[in-house]
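Trainee: I would like to learn how to read a protein model. Please take me through its features one at a time.

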Amino acid sequence: MDSPTPSMPRLPDDATGLRSGTLSSWFITLLVISAASPLSVVAGGFPIGMMLGNGAGTPALVVLALLLLLMFAAGYTAMGTCVTSAGGFYAMISRGVGGAAGGAAAFIAILGSLTLQFGLYGLLGEVVSESLRTQFDLSVPWWLVAVAAIASVAYFGFHQIDFSAKILACFVVAEYAFVLLLDVLILHRGGAHGIEFSSFQPAALSAGNPSIGILFCFAAFIGFEATTIYSEEAKDPKRSIPIATYSALILVGCFYSFSLWCLVIGTGAERVQETITGLSDPTNFLYLLSDTYAGQPLTLLLRGMFIVSIYAGLIAFHNSTARYFYSMGRERLLPRRLGCTHPQYKSPHVASLLQTVLCLAVVLLFALFKADPVLHLFSWLSNIATVCLLLLMMATAVAVIVFFRRDAHAYSRFRIFWMPLAALLGLSFVFALAVPNFQVLTGASQALSWALLALLPCAGLAGWAAALRLKALDPVAYATLGHDRK
């Protein structure tokens, strides 16, 4: 039997390199905040979380989630200055725990990123379709809206990354401005019963079902981890990645907590869950308060910005997922063609095209089976993404501890051991809540919920096998999984 080839020939660097020195910490922060889609979370996700969770205590839960994520970010950003790769989580796990674990993480990361995109296309399609029907008496199927969005997002993904970042900058500023305007108006008028802080008292924090509430809080931060994915394109990754990570977490976390607190004041702490439950659609909660405290003009603007927020999130997730595919192709966990970049724009255009095709196929499949775009496509798949993120963060916390045991790189033990360890324990607790409550989160049957969760170990095993196959074919390539590319 012929021995395995020590190292397969590689594509030239100019065919595989991203456009380096493009993104400042400010642009990376914008990309990450856009992925979090703050307005769509405040208007769409949190009302459901408040209804099923602990109601008025949700602003305090957001603060707890933020503190846990900041602990995780301490070690994550430290390792991010030592591992410069578009592979993100999987590059870090490869460097810390080993290539096989990195391969498993890569496939789980792709699963999470893709399922979230699939779900967001369903949500966007339904929201736009409903708006066209209500405002203009036009009947446009949700899937047709989603297909149009897929085509336009593909255009942004094909071009250079700073082009997308400039578009997203306008969206993000508008999102924050309109929601904060409503917040100020609620506070100015004193809310329903005056300005008070009962949301941050222990009684509110433990009321209702906080275990469900905390899961919605973590889901709201999905996308913050993408900072390291852009490290190869950053102007100064050693400085930009930590700044962007902390900036994104603090800006998004404070925005969520403050805005939810204002919404609680606007309704009255004791009536939050009752009010949301009484609505035919919980996502109308924000618009109800806008009608009350600002009037129809702002409500119409918020409805429009809700659509823009989802769309901005899709552009951001498309960019980050393309870089995962690109990195896996370049390192040959997937076909090498995915590791090519466009000769002019230096964008991962092949990887971008692949996920465009996948999104199109899933949207049309759900439409063919007449599935509900929100209750099925969005609810089922977006929650898979949440569980994927939790699992990846736990594995990354372990990787950080192991990586820095070999060389502390002048970082304090507090930052590279105790903080990641505390984050690991906290994330493990949240993960233990997510699995048994997955049926509640998705609204699916018990059998379907377990089937959806089974996608995670299936993806992990596929990635593990891909890594071991690479080890057999090219030990050199396997040994360099996750290594620096800048």
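Mentor: We will go from the overall make-up to single residues, and keep in mind that this is a predicted model.

Trainee: How many helices and strands are there in the protein?

Mentor: The protein has 21 helices and 0 strands. Of its 486 residues, 60% count as buried. Among contacts between residues at least 6 apart in sequence, 84% join residues at least 24 apart.

Trainee: What does burial look like for one helix, say α5?

Mentor: A residue is called buried when its relative accessible area is under 20%. In helix α5 (residues 89–96), 8 of the 8 residues pass that test, so the helix is largely enclosed by the rest of the structure. Among them are Phe89, Tyr90 and Met92, and also Arg95.

Trainee: What covers the buried residues of α5?

Mentor: The cover includes α4 (58–80), α6, α14 and α16. After α5 comes Gly98, which has a positive phi near 135°.

Trainee: Which residues that are not glycine have a positive phi?

Mentor: Start with the general idea: most residues other than glycine have a negative phi. Lys370 is not a glycine, yet its phi is positive, about 55°. Lys370 sits in the loop between α15 (349–368) and α16, and it is exposed, with a relative accessible area of 74%. His409 is another case, with a positive phi of about 50°. His409 is placed in the loop between α16 and α17 (413–434), and at 36% relative accessibility it counts as partly exposed.

Trainee: How many cavities does a search of the whole structure find?

Mentor: The search finds 2 cavities of 30 Å³ or more. The largest cavity has a volume of about 170 Å³.

Trainee: Which residues lie nearest the centre of the largest cavity?

Mentor: There are 17 lining residues, and Ala109, Gly112, Ser113, Ile222 and Glu225 lie nearest the centre. The elements that give two or more residues to this lining are α6 (99–136), α14 (296–330) and α16 (373–406). The largest share, 5 residues, comes from α6. By type, the lining divides into 13 nonpolar, 3 polar and 1 charged.

Trainee: How many aromatic pairs are there?

Mentor: The count comes to 15 aromatic pairs. To name the geometry of a pair, look at the angle between the ring planes: under 30 degrees is stacked, over 60 is edge-to-face, and the rest are tilted. For Phe255 and Tyr256 the planes are at 50° and the ring centres are 6.2 Å apart, so this pair is tilted. Both Phe255 and Tyr256 are buried. These two also belong to one aromatic cluster with Phe46, Tyr176 and Phe221.

Trainee: What of Phe258 and Trp261: where do they lie?

Mentor: Both are in helix α11 (residues 237–267), 3 residues apart, about one turn of the helix. An α-helix has 3.6 residues a turn, so residues three or four places apart point the same way. Phe258 and Trp261 form a tilted pair, 6.0 Å centre to centre with 50° between the planes. Phe258 counts as partly exposed at 31% relative accessibility, while Trp261 is buried at 10%.

Trainee: Which residue lies over the face of Phe417?

Mentor: That is Arg413, at 4.3 Å from the ring centre of Phe417.

Notes: Residues numbered from 1 in each chain as written. Predicted model: local features only at pLDDT ≥ 70, side-chain atom pairs only at ≥ 80, totals over all residues. Heavy atoms only, no water. 1 Å grid on protein atoms, 1.4 Å probe; cavity = no way out; pocket = protein on both sides within 12 Å on 5 of 7 lines; lining within 4 Å. Points joined across faces, edges and corners; volume = space filled by probe spheres on them. Helix = DSSP H or I, 4+ residues; strand = E, 2+ residues; numbered from the N terminus. Nonpolar A, V, L, I, M, F, W, Y, C, P; charged D, E, K, R; others polar. Phe/Tyr/Trp six-rings, centres within 6.5 Å; stacked < 30°, edge-to-face > 60°. Buried < 20%, exposed > 50% of the residue type's maximum accessible area, 1.4 Å probe, protein only. Lys NZ or Arg CZ within 6 Å of the ring centre and 35° of its normal. Contact = heavy atoms within 4.5 Å.
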